[in-house]
Amino acid sequence: MAVTDQSQASELPPVPSKGFRWIFALLAVLLVLCAGGVYFWANIETFAEAPSAHEVVPPTLGLSPEDRDVLLGIQSGQQKTADEIAELNRNVGAQQAEVKRISDQIAALTQRIEQLQNPALVASPAPAPAPAASSPSVRTTSKPAKRGVRPLKPQGPISVGGAPLTAEPSTEQR
């Protein structure tokens, strides 16, 4: 019994419970994360200045002069190709804008044609967008206006000057 009394009488702190162990582990993890964040914040300039993956230049220290010349030729060819692709992309963008402008003009002309063909819409015209001034002038031809149906000429006698007309004798009276 003396041994157990001695262990109880020692000055060692009691073993923490499982709940305290989790808290200590969480604090340790947070401390490590904070230290990593401080290191990253202090050295952020070196991370930001690192070349991207497609701009990494391979080391040429162990290459012969001929290989270096070939490598420089390939790199200049790649740069020239990249410039040509950028120019083509700009041209494609300009062409797409031109196609959109022409498509808008066609839509406006189609709407105008439909308005002219439908007389109910002509009475209350909707404002149509005007074609651009830089576009070539489009010659429009319109159909001649339909004439109203005229009544046929009367078949009987016509009074000229307001004189009274006599009825034509019928065939039975002759």
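Read from its N terminus onward, the chain follows the pattern α-α-α-α-α, and its secondary structure accordingly comes to five helices and zero strands. The model is a predicted one, and the confidence attached to it deserves attention before any detail is read from it. Across the chain the pLDDT averages 75, with 55% of the residues scoring at least 70. Among the elements of the chain, the lowest mean pLDDT, 56, belongs to helix H1, which covers residues 2-9, while the highest, 94, belongs to H4. Where pLDDT is low, the predicted coordinates should not be read in detail.

The chain as a whole offers little burial to describe: of its 174 residues, 2% count as buried. Its accessible surface comes to about 16,600 Å², and carbon and sulfur atoms account for 64% of that area.

Helix H2, which spans residues 18-42, is a good place to see this lack of cover. H2 has 25 residues and reaches 37 Å from its first C-alpha to its last, close to the 36 Å expected at 1.5 Å a residue. The helix is hardly covered, since the count of buried residues among those 25 is zero. Ile-23 has its place in H2, and because its relative accessible area is 45%, between the limits of 20% for buried and 50% for exposed, Ile-23 is classed as partly exposed. Ile-23 also belongs to a nonpolar patch on the surface, in which it is joined by Phe-20, Phe-24, Leu-26, Leu-27, Val-29, Leu-30 and Leu-33. Together the residues of this patch have about 820 Å² of accessible area.

Helix H4, the element with the highest mean pLDDT, runs from residue 65 to residue 117 and has 53 residues. From its first C-alpha to its last H4 reaches 77 Å, close to the 78 Å expected at 1.5 Å a residue. Unlike H2, where the count of buried residues is zero, H4 does contain buried positions, namely Gln-105, Ala-108 and Gln-115.

The charged side chains of H4 complete the picture. Side chains of opposite charge can pair when their charged atoms come close. A search of the whole structure finds three salt bridges, and they can be followed along H4 in sequence order.

In one of them, the side chains of Glu-87 and Arg-90 meet with a separation of 2.5 Å from N to O. Both residues lie in helix H4, three residues apart, which is about one turn of the helix. The partners do not fall into one accessibility class: Arg-90 counts as exposed because its relative accessibility is 52%, whereas Glu-87, at 37%, counts as partly exposed.

Further along, Glu-98 and Arg-101 form a salt bridge through their side chains, at 2.3 Å from N to O. These residues, too, are three apart in helix H4, or about one turn. Here each partner counts as partly exposed, Glu-98 because its relative accessibility is 36% and Arg-101 because its value is 27%.

A further salt bridge links Lys-100 with Asp-104, and the closest N and O atoms of this pair are 3.7 Å apart, which still meets the 4 Å cut-off for a salt bridge. Because Lys-100 and Asp-104 are four residues apart in helix H4, they are separated by about one helical turn. Lys-100 is exposed, with a relative accessible area of 53%, and Asp-104 is partly exposed, with a relative accessible area of 42%.

Key. Residues are numbered from 1 along each chain as its sequence is written. This is a predicted model: local features need pLDDT of at least 70, side-chain atom pairs count only at pLDDT 80 or more; totals for chains, interfaces and linings use all residues. Side-chain values use heavy atoms; hydrogens and water are left out. Helices (H or I, at least four residues) and strands (E, at least two) are DSSP runs, numbered from the N terminus. The expected span of a helix is 1.5 Å times one less than its number of residues. Buried means under 20% relative accessible area, exposed over 50%, partly exposed in between (1.4 Å probe, protein chains only). Accessible areas come from the Shrake-Rupley method with a 1.4 Å probe; for residues, only the protein chains shown count as cover. pLDDT is the predictor's confidence in each residue, from 0 to 100. Patches are made of residues with over 30% relative accessible area and no salt bridge: like charges are joined within 9 Å, nonpolar side chains (Val, Leu, Ile, Met, Phe, Trp, Tyr) within 5 Å.
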